Amino acid sequence: MSIKYSMDERDEQIDVMSKSFALEWIITITQIFTIMCAGKKNPAWKGGLSVSFFAVAFALFYKFKQYGEIAFRRVGAAFMAVGTALIVWFGLSK
């Protein structure tokens, strides 16, 4: 049995799925970029690492919003703290 959607609902689903798909690729490319920079001893790997922590944090915050489980928020906050600490620490170091 197929589910029929009005154009508005279908358009909204396509929009949400396209953003999800794009985010997955951005995270993957950021991880590849981080590894490449680290291999070449380019300090930009530090920013890539912090972006990865932020991506996990935001995914967990979204799950908290949907499920209401406090564990998602707590673990997301921990990942956010690590990402923020990396930015501050790497920003202050040479």
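**Figure 1. Phe21 on the surface of helix H1.** With a relative accessibility of 53%, Phe21 counts as exposed, because the cut-off for that label is over 50%. The model shown here, as in every view below, is predicted. Phe21 sits in helix H1, which covers residues 7-39. Look for its partners too: together with Trp25 and Ile29, Phe21 makes a nonpolar surface patch of about 360 Å².

**Figure 2. A salt bridge between Asp15 and Lys19.** How many salt bridges does the structure hold? The count is 1, and this view is centred on the side chains of Asp15 and Lys19, which meet at 3.3 Å, N to O. Both residues belong to helix H1 and are 4 residues apart, about one turn of the helix. Is Lys19 exposed or buried? Its relative accessible area is 54%, so Lys19 is exposed. Asp15, at 37% relative accessibility, counts as partly exposed, because that label lies between the buried limit of under 20% and the exposed limit of over 50%.

**Figure 3. Lys41 in the loop between H1 and H2.** Here we leave helix H1 and enter the loop that leads to helix H2 (45-67), where Lys41 lies. The backbone deserves a second look: phi of Lys41 is near 60°, a positive value in a residue other than glycine. Most residues other than glycine have a negative phi. As for its surroundings, Lys41 has a relative accessibility of 73% and therefore counts as exposed.

**Figure 4. Helix H2 and the glycine that follows.** The 23 residues of H2 should span 33 Å at 1.5 Å a residue, and its end C-alpha atoms are 33 Å apart, so the two values agree. Which residues of H2 are buried? They are Lys46, Gly48, Ser50, Ser52, Phe54, Ala55, Ala57 and Leu60. Just after H2 comes Gly68, with a positive phi of about 75°.

**Figure 5. Helix H3 packed against H2.** H3 runs over residues 70-92, and its 23 residues should span 33 Å at 1.5 Å a residue; the distance between its end C-alpha atoms is 33 Å, which agrees. Gly76, Gly83, Leu86 and Phe90 are the buried residues of this helix. Against which helix do the buried residues of H3 pack? Their packing partner is H2, whose own buried residues include Phe54 and Leu60.

Conventions: Residues are numbered from 1 along each chain as its sequence is written. This is a predicted model: local features need pLDDT of at least 70, side-chain atom pairs count only at pLDDT 80 or more; totals for chains, interfaces and linings use all residues. Side-chain values use heavy atoms; hydrogens and water are left out. Patches are made of residues with over 30% relative accessible area and no salt bridge: like charges are joined within 9 Å, nonpolar side chains (Val, Leu, Ile, Met, Phe, Trp, Tyr) within 5 Å. Accessible areas come from the Shrake-Rupley method with a 1.4 Å probe; for residues, only the protein chains shown count as cover. A salt bridge is a side-chain nitrogen of Lys or Arg within 4 Å of a carboxyl oxygen of Asp or Glu. Helices (H or I, at least four residues) and strands (E, at least two) are DSSP runs, numbered from the N terminus. Buried means under 20% relative accessible area, exposed over 50%, partly exposed in between (1.4 Å probe, protein chains only). The expected span of a helix is 1.5 Å times one less than its number of residues. Contact means heavy atoms within 4.5 Å.
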